[in-house]
Amino acid sequence: MNTVKLVAIFAENRPGQVARITEVLSHANINIRCIIVASTGNCGVMKVLVNDPDTACRDLKAAGFAATLTDVVAVEMPDKPGALHSVAQCLATHDINLLNTSGFAANNRAILVIEVEDPVQAGEVLKKGGLHVLTQKETLSI
Amino acid sequence: MFWHQEMETLDRPALEALQLKRLQETVRRVERVPFYRGKFLESGLKPEKIRTTCDVQRLPFTTAADLRENYPDGMLAGSRDEVLRLHTSSGTTGKPKALFFSRRDVDNAAELIARALCMTGVTKRDVLQNMMTYGLFTGGLVMHYGAEKVGCMVIPSGPGTSERQLMLMQDFGTTVVHVTPSYAFYFADFLEKKGLNPRRDLALRKAFVGAEPYTEETRRKIEAALGLDVYNSYGLTEMNGPGVAFECEGKCGMHLWEDNFILEIINPATGEPVADGQTGELVLTSINREAMPLLRYRTRDLSSIIPGPCACGRTHRRIHRITGRSDDMLIVRGVNIFPQQIERVLMSIPQVGRNYVIQLEGLDDMTVKVELSPAGFDGQVGHLVKLQNEVVEKLRAELFVRPKVELVACGSLPVAEGKAKRVIDKRSL
């Protein structure tokens, strides 16, 4: 199953909150590949793609954070105009709603991280559409 | 189990006869206090006119303000030489209220605690860790003496430093704790973070929880989190401290020791008695104190009498858990609100945690900050918004005022070691 685990952490929307989280990750020697922050008024959720999600989640919980693992789809796109459109079009034809989207580019490769209700189904659809859906291991080796 | 079965199960006529005798003695005793002598003169009341326990209603009220005005020793009925101990109440503003104990008062207070502990099955084989503040607060010493009377090994740990509390519990096999509800929660969180399971790793069986009003939902949460039985405990410094009314194993209301206190529930606005079962202000007359008995003390605690006998066989009537304080009441946008109403709503929503603060700001804005329970977090922002809206709607339905609700991180709100401060009023009215 080509899904990728993100660590999701509850944080209050006030100065110093991200630093409290990154302090824990830094002590655990966790490398962050991608970060997504979604906020709603006074609080929000920070999601990180890291090299060792299980350790990151465990250490954050031990430090008193509300943290959990959440599955997303990481899909590779050519780094050129129209690439995102091809992914969006593919999901649209299959009536899949995007909850949250983010992406990063490294070593001439562009990776789109998408959160959907059913990541397994979305991964299948994208694969059938001829796109390269990454495994957890692949995501971390970019 | 009974500590003093005869007294605890005394039939009502005999109990009322004892109350009358002690009330008459008390009225004669307080004639020495200028405050009461003045009140008696004003109303033309003579001690010999007290002929039934109902005549207590002819006596003047005593208020917290009266105690402050007569600070430090204006309310002392005995001589200073007979006084063995001083306690004061946690006065949040200005002078505290002072309460004196004679040797007999110290012993009687311990006696009532001994009854309360035995009532739930505590024996001399128990190890009681008293996590209440020692010092002027009665929750420390008064409980301590009572538990010693039962023969428990008492660990006077006081509050705070959870690491040390845990060490004592593990090294000495603590089976019973006396603790505030907020500290019980804090300690449960602490154990969880340490990865400890109290059912497996500790010998705790019972907790006497008091000093702050709390709800039935809070009791269940503490019981689930610590794996023990929680017994609701009521007392106030002005009436010896803890031990005034405690629960029996039935956990269905607190038996108030009527051989020591005359119990009334009144309408706080009119001073008139309310019917059994109706909520009103608890008014107590201490009829078995020497150094400083008080007549019809306005506790400002809201409760009600639970009518009918209790299955445990005790004849001393039960009062309902304290549902608020008449002076805790907040008025927000013209609506009367008790913090306990807010607590009850929050505790009914599993995704929110145990600690909360009510903040009043601006002209009349109420914000309720509540901790998100780590177990209730699934990483979805949409679910946080939904939860926040659910809390707002449930509070609005209970209070008839729409508060703002902020979810905050678990452990981010301050935990008081003594009484929790739940309301922060910064309104510029």
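Me: What makes two strands count as paired in this predicted model?

Reply: Two strands pair if DSSP finds at least two bridges between them. In this predicted model, β11 (residues 280–286) and β12 (residues 297–303) of chain B are joined over four bridges in the antiparallel sense; the cut-off is at least two bridges, so β11 and β12 of chain B count as a pair. Within this pairing, B:E281 stands opposite B:L302 of β12(B).

Me: Which sheet has the strand order β10-β11-β12-β15 in chain B, and what makes β10 and β15 its edge strands?

Reply: The order belongs to an open sheet of four strands with antiparallel pairing. β10 (261–266) and β15 (324–325) of chain B each pair on one side only, and they are its edge strands.

Me: What makes B:A207 a contact of B:V177?

Reply: Contact requires C-beta atoms, placed from the backbone, within 7 Å. B:A207 is in contact with B:V177, and also with B:V179, B:A184, B:I222, B:L226, B:L228 and B:V230, leaving aside neighbours within four places in sequence; the C-beta atoms of B:A207 and B:V177 therefore lie within 7 Å.

Me: Why is B:A207 called buried?

Reply: B:A207 belongs to the largest nonpolar core, of 85 residues, and is among those that touch the most other members, with B:I113, B:A184 and B:F261. Such a core consists of buried residues, so B:A207 has 20 or more other C-beta atoms within 10 Å of its own. Helix α5 (residues 103–119) of chain B gives the most to this core, with eight residues.

Me: Which residues does the second, separate core include?

Reply: Among its 62 residues are A:F65, A:V73, B:L372 and B:V405.

Terms used: Residues numbered from 1 in each chain as written. Chains lettered and ligands numbered in written order. Predicted model: local features only at pLDDT ≥ 70, side-chain atom pairs only at ≥ 80, totals over all residues. Core = buried A, V, L, I, M, F, W, Y, C linked by C-beta atoms within 7 Å. Buried ≥ 20, exposed ≤ 12 C-beta atoms within 10 Å, placed from the backbone. Contact = placed C-beta atoms within 7 Å.
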